[in-house]
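Q: Could you walk me through this model and show me how to read its main features?

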Amino acid sequence: MMAQAVNQPMSQTAMRGKLNSAELNAGQRLAVKYFSVAIILFGAQILFGLLAGLQYLMPEFLYNVLDFNVNRMVHINAMIVWMLYGFIGSVYWLVEDESGTELVGAKLANLAFWVLTAAVTVVVIVYLLVQTGPGEQKSLWLINEGREYIEAPRWADFGIVAVVLVFFYNVAATFMKGRWSGISGVLVLDLIALAGLYLAGMFYSPNISMDQYWWWWVIHMWVEATWEVLVGCIMAWGLIKTLGARRKIVTTWLYIEVALMFGSGILGLGHHYFWIGTPEYWLSIGGFFSALEPIPLVAMVVHAVYDSGVHRFKNSNHPALAWLIAHAFGNFFGAGVWGFMHTLPQINLYTHGTQWSASHGHLAFFGAYATINIAMFYIAIQKWRGDVFMGAGIRHAWRWKWALALLNIGVVGMTVALLVSGYEQSFVERALQGSTWAGYFEAQRGEWFVQGMFWRQIFGYVTAAGTLLLVWDLITIGKGETRPAEKPTEHQAQAQAA
Amino acid sequence: MTDPVEAQQIMLATMAGALVVMFGAIYAALFAWSRLRKRPAWMPAAYLAYLCLAVATIVLARSLHLSGFWSTVVFVMLFGYLLAPHAIWHLCVGTHESAHKTADTDSRNPLNGGQTNE
C-alpha cells in the first residue's frame with residue numbers, strides 16, 4: 001500500500017502531458033466519446049452552414065446535388081445534436097465527481113452512446129441521400145418527419161427518447177447511490193423535463209396550428225428552459241472547478257436563476273404563438289413574459305460583477321474560464337439584447353421568419369450553448385492530459401486565444417450581417433409589400449439583403465478558421481506539459497475574498 | 001396593444017428594445033461596481049444609465065402604441081428594473097455572508113464529516 005501511495009504521484013508525473021484515459025473515471029471516459037462526436041458534428045454544422053450560405057449568393061451551386069433545404073437542415077440538426085452531445089458528455093464528466101461514487105450502469109451508458117451515434121449517422125446519411133419523393137406515412141417514419149429543426153424520422157425520435165431515458169437512469173441512479181447536492185437535484189429534475197418535452201414534438205395532427213403549438217414546446221422549452229437550466233448546472237460545477245467558487249453560493253444562485261428563468265421563460269413561449277393561429281390572448285401573454293425574460297440576465301450581471309470582485313478570476317484553466325466569460329456575454333447579447341429587440345408582437349409581426357430570426361439564432365445559440373460546451377472540452381482535456389498546468393504562460397497560448405477571437409468575431413460578424421439583411425426583409429417584404437409573394441422575392445433581390453448575405457459568408461469563413469484552430473488546439477494543448485495544474489480550492493477563494 | 005409599429009419606426013422600435021436591455025445591464029453593472037469598490041462617485045453614472053433605460057423604454061412604448069393598462073404595466077416594470085439591482089445586490093451579500101458563516105461553523109464543528117456536498 002505504501003509503495004503504491006509513493007509510486008502513484010511518480011506515475012502521474014510521468015504521464016503528465018500525455019493523454020491518459022486510465023486517470024479518468026468511467027463517466028469521464030464516456031464523456032470523452034461524447035465530446036469527440038460533438039466536435040465532429042460541430043465541424044459538420046460549420047461545413048453545411050457554409051454551403052447553405054454560398055447558395056444564397058450562388059443559387060445554382062450544387063442545385064439538384066445537395067439542395068439548400070438539405071444543407072440548411074443538416075446545418076441546424078448538426079448544431080442541435082452536437083450541443084446535446086456536449087451537454088450529455090458534460091454531465092457524464094461531472095457525475096462521479098459530484099456524486100462521489102462510480103457511474104451506475106456504465107455498460108448501458110456505453111451501449112446508449114453507440115446506439116445514438118449509429119442512429120445519428122444513419123439519419124444524416126438519409127438526410128443527404130434520400131430527400132425527394134412523395135410525402136406519406138412511410139416517409140414520416142423512415143425519412144423525414146417534416147418538423148423544422150427536429151426533422152429526424154419517427155424511428156429516430158423513439159431512439160432519442162430511449163437514449164435520454166438511459167442517460168436519466170445513469171445520472172439519477174448514480175446520485176441516489178452516492179450523495180445529492182443542489183446541483184445534482186436541479187440536474188436530475190431538469191433531465192425529466194428534457195426527455196418529457198421531446199414527446200411533445202412527436203404528436204401528429206393534420207391541423208398545422210395544433211402541430212406548431214406542440215412543436216414549439218420542444219423548441220422553446222428545450223432552448224429557453226431545460227437547456228438553460230442544464231447549462232446553469234454545468235456552469236455552477238465549472239465555476240467551482242475553475243474559480244474555486246463556494247458551493248453554497250453557487251447553489252443558492254442556481255436556485256435563484258432557475259426560478260427566474262422558469263418564471264419568465266415558460267410563458268415566454270407565447271412569443272412563438274403570435275402568428276400560428278392560436279388565440280389572440282397569446283399576444284399579451286407572450287409580450288409580457290418576453291419583457292420579463294431579461295431579468296435573469298440583469299441578475300447575472302450584478303452577480304458576475306460581485307463575484308469577479310470577490311474571486312479576482314484566479315483560476316487553473318485559462319481557456320476554459322475565457323470560454324465561460326464568453327458564455328456570460330454571449331448569452332446576454334444573443335438571448336437578451338438580440339431576443340428582446342424583436343420579441344414584442346408589434347415588431348415581431350415584421351421580423352419573424354426573416355434573417356432577423358437567423359441573426360438572433362446565430363448569436364444566441366453560440367453565446368449561450370456552444371461557448372459552455374467548448375469550456376467543458378478544455379476542462380476535460382486538462383484532466384485527460386494528466387491534470388496539467390493550463391494557466392498563464394502555457395505553451396502555444398496563441399492558438400486558444402486566436403480560436404476564441406476568430407470564433408467570436410466570426411459569429412458576431414455573421415449576426416450583424418444577417419441583421420442588415422433581416423432589416424431589409426422586414427421593411428421591404430413585410431412592411432411595404434405586406435408579406436406578398438412578390439415582396440418576398442423583391443426583398444431578396446435588394447442590394448442590402450445581398451450585401452448582408454455576402455458579409456455573412458465572409459464571417460462564416462472566419463468562423464470556420466476559428467473552428468479549425470480550436471480543434472487543433474484541443475488536440476495539442478497541454479501536450480508535453482509537465483507542470484501540474486494549480487487547483488483552486490474554496491479555501492483559496494476565501495483567502496482571495498479576504 | 002397589438003397595433004403594429006409604423007413602418008418608418010421599425011428601426012427606432014428595435015433599437016429602443018435593444019437599448020432597454022443594454023442600459024438595464026449597464027445600470028446593473030455600474031451599480032454593482034460602485035457598491036463593490038465602495039466608490040459612491042460611480043453611482044450617479046449608474047442612475048444616468050437607468051435614466052437612459054427609462055427614455056429607451058418610453059420611446060419603445062410610444063412606438064408600440066402602448067396605452068391604458070399596458071402603459072401602467074410599462075411603468076411598473078420600469079420601477080421593478082430600478083429596484084432589481086438593489087434586491088440582487090442584497091441577495092449577493094446575503095448569500096456570501098451566509099456561506100462564510102456556514103463555513104466557519106463547519107470548520108469548528110468536529111461532527112461535520114463532510115458527507116454531503118452542501
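**Cavities, pockets and an interface**

A: Happily. The largest cavity has a volume of about 300 Å³, and since we are looking at a predicted model, please read each value as computed from it. Lining that cavity are 21 residues, and Ala291(A), Phe340(A), Leu344(A), Val74(B) and Met77(B) are the closest to its centre.

Q: How many cavities of 30 Å³ or more does the structure hold?

A: There are four.

Q: Which elements supply the lining of the largest cavity, and how do its residues divide by class?

A: A good habit is to look at elements, then at residue classes. At least two lining residues each come from α10 of chain A and from α2 (43–63) and α3 (69–108) of chain B. The largest share belongs to α3(B), with six residues. By class, the lining has 18 nonpolar residues, three polar ones and no charged ones.

Q: Now for the pockets. What is the volume of the second largest pocket, and which residues are the closest to its centre?

A: The second largest pocket has a volume of about 1,000 Å³. Its lining counts 36 residues, with Met235(A), Met300(A), Val301(A), Ala304(A) and Ala328(A) the closest to the centre. Chain A contributes at least two lining residues from each of α8 (208–243), α9 (247–268), α11 (294–311) and α12 (318–341), and α1 (10–36) of chain B does so too. This lining divides into 27 nonpolar, six polar and three charged residues.

Q: Let's turn to the interface. How should I read the area buried between chain A and chain B?

A: The size of an interface is often given as the accessible area lost when the parts come together. Here that area is about 4,400 Å², and carbon and sulfur atoms give 77% of it. Three residues, Val302(A), Tyr306(A) and Gln346(A), supply 17% of what chain A buries against chain B, more than any other three residues. Counted by contact, 51 residues of chain A and 48 residues of chain B take part.

Q: How many salt bridges and how many residue pairs in polar contact are found between chain A and chain B?

A: For salt bridges across this interface, the rule finds zero. Polar contacts between the two chains come to four residue pairs, with both residues at pLDDT 80 or more. On the side of chain A that touches chain B, two or more residues come from each of α9, α10 (281–292), α11, α12, α13 (345–351) and α15 (397–432) of chain A. Of these, α11(A) gives the most, with twelve residues. That side has 32 nonpolar, twelve polar and seven charged residues.

Q: How many salt bridges does the structure hold over all chains, and what does the one between Glu98(A) and Arg247(A) tie together?

A: Over all chains there are eight salt bridges. In the pair you mention, the closest N and O atoms of Glu98(A) and Arg247(A) are 2.6 Å apart. Glu98(A) sits in helix α3 (residues 68–99) of chain A and Arg247(A) in helix α9 of chain A, so the salt bridge ties together parts that are 149 residues apart in sequence.

Q: One last residue: where is His360(A), and what is it in contact with beyond its neighbours within four places in sequence?

A: For a single residue, begin with its element and then go to its contacts. His360(A) lies in helix α14 (residues 355–384) of chain A. Leaving those sequence neighbours aside, His360(A) contacts Gly334(A), Ala335(A), Trp338(A), Gly339(A) and His342(A). As for Trp216(A), 144 residues away along the chain, its C-alpha atom is separated from that of His360(A) by 17 Å.

How values were computed. Residues numbered from 1 in each chain as written. Chains lettered and ligands numbered in written order. Predicted model: local features only at pLDDT ≥ 70, side-chain atom pairs only at ≥ 80, totals over all residues. Heavy atoms only, no water. 1 Å grid on protein atoms, 1.4 Å probe; cavity = no way out; pocket = protein on both sides within 12 Å on 5 of 7 lines; lining within 4 Å. Points joined across faces, edges and corners; volume = space filled by probe spheres on them. Helix = DSSP H or I, 4+ residues; strand = E, 2+ residues; numbered from the N terminus. Nonpolar A, V, L, I, M, F, W, Y, C, P; charged D, E, K, R; others polar. Contact = heavy atoms within 4.5 Å. Buried area = accessible area lost by both parts, 1.4 Å probe. Salt bridge = Lys/Arg side-chain N within 4 Å of Asp/Glu carboxyl O. Polar contact = N/O pair within 3.5 Å; in protein donor to acceptor, adjacent residues only side chain to side chain.
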